[in-house]
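The exercises below are meant to be worked through with the model in view. Try each task before reading the solution that follows it.

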Amino acid sequence: MVPLNWYLLLAACLFGIGLVGVLVKRNALIVMMCVELMLNAANLTFLAFARQSGDIGGHAIAFFVIAVAAAEAAVGLAIIIAVFRTRGTVNMDEVRELREEA
């Protein structure tokens with residue numbers, strides 16, 4: 001049986017990789033994948049604690065997070081495709097349409 005600490009360490013590593021990707025990358029698709037990585041790290045934490053405590057609550061929360069992530073991916077991909085069709089790029093620095101003017 002794998003100890004709880006290993007699951008938490010793996011989740012922390014996945015979340016850190018996702019966070020670095022969101023902060024560093026400029027490609028909208030890569031940023032979206034990094035957000036998904038962070039959500040999966042949270043799911044791993046919920047499931048690890050659910051396994052440790054023998055409770056089903058962590059499984060329910062993980063299922064909810066998966067549903068939200070699927071909806072986020074569908075809406076996000078639609079927005080990215082629309083931006084690519086109009087601008088020809090998915091680089092977040094080049095798309096300034098929604099940015100507030102200072």
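**Exercise 1. How many salt bridges does the structure hold?** Find the partners and describe where they lie.

Solution. This is a predicted model, and a search through it gives 1 salt bridge. The partners are Arg 26 and Asp 93, whose closest N and O atoms are 3.5 Å apart, and the cut-off for such a pair is 4 Å. The next step is to place the two residues along the chain: Arg 26 sits in the loop between H1 and H2, while Asp 93 belongs to the segment after H3, so that the pair links distant parts of the chain, 67 residues apart. Finally, consider accessibility, for which partly exposed lies between 20% and 50%. Arg 26 has a relative accessibility of 32% and therefore counts as partly exposed, and Asp 93, with 34%, is partly exposed as well.

**Exercise 2. Describe the overall build of the chain, beginning with its secondary structure.**

Solution. Counting elements gives 3 helices and 0 strands, and reading along the sequence gives the pattern α-α-α. For the dimensions, the C-alpha trace spans about 50 × 25 × 25 Å along its principal axes. The radius of gyration is 17 Å, whereas a compact globule of 102 residues would have one near 13 Å. Turning to the surface, the chain exposes about 7,300 Å², of which carbon and sulfur atoms supply 71%, and 22% of the 102 residues count as buried. As for contacts, among those with a separation of 6 or more, 55% are between residues 24 or more positions apart.

**Exercise 3. Check the length of helix H1, and then work out how its buried residues are arranged around the axis.**

Solution. Helix H1 covers residues 4-24, and its 21 residues, at 1.5 Å a residue, should span 30 Å; because the end C-alpha atoms are 30 Å apart, the expected and computed spans agree. The buried residues of H1 are Leu 4, Ala 11, Gly 18 and Gly 21. Seen down the axis of H1, these buried residues fall within an arc of 125 degrees, so they line one face of the helix. It helps to recall that an α-helix has 3.6 residues a turn, so residues three or four places apart point the same way. The face turned away from the buried side carries exposed residues, namely Asn 5, Trp 6, Leu 9, Ile 17, Leu 23 and Val 24. As a last step, look for the cover over the buried residues of H1, which includes helix H2 (28-53).

**Exercise 4. Is Asn 43 buried or exposed, and which residues does Asn 43 contact beyond its neighbours within four places in sequence?**

Solution. First locate Asn 43, which has its place in helix H2. Its relative accessibility is 6%, and because this is under the 20% cut-off, Asn 43 counts as buried. Leaving aside neighbours within four places in sequence, Asn 43 is in contact with Ala 62, Val 65 and Ile 66.

**Exercise 5. Repeat the analysis for Ile 80, and add a distance between C-alpha atoms.**

Solution. Ile 80 is found in helix H3, which runs over residues 57-87. With a relative accessible area of 12%, Ile 80 is buried. Not counting residues up to four places away in sequence, Ile 80 touches Ala 28, Leu 29, Met 32 and Val 90. For the distance, take Ala 28 from that list: the C-alpha atoms of Ile 80 and Ala 28 are separated by 7.1 Å, although the two residues are 52 residues apart along the chain.

Notes. Residues numbered from 1 in each chain as written. Predicted model: local features only at pLDDT ≥ 70, side-chain atom pairs only at ≥ 80, totals over all residues. Heavy atoms only, no water. Helix = DSSP H or I, 4+ residues; strand = E, 2+ residues; numbered from the N terminus. Buried < 20%, exposed > 50% of the residue type's maximum accessible area, 1.4 Å probe, protein only. Contact = heavy atoms within 4.5 Å. Expected span 1.5 Å × (residues − 1). Arc of directions from axis to C-beta. Rg over C-alpha atoms; globule rule 2.2 N^0.38 Å. Areas by Shrake-Rupley, 256 points an atom, 1.4 Å probe, with all protein chains shown as cover. Salt bridge = Lys/Arg side-chain N within 4 Å of Asp/Glu carboxyl O.
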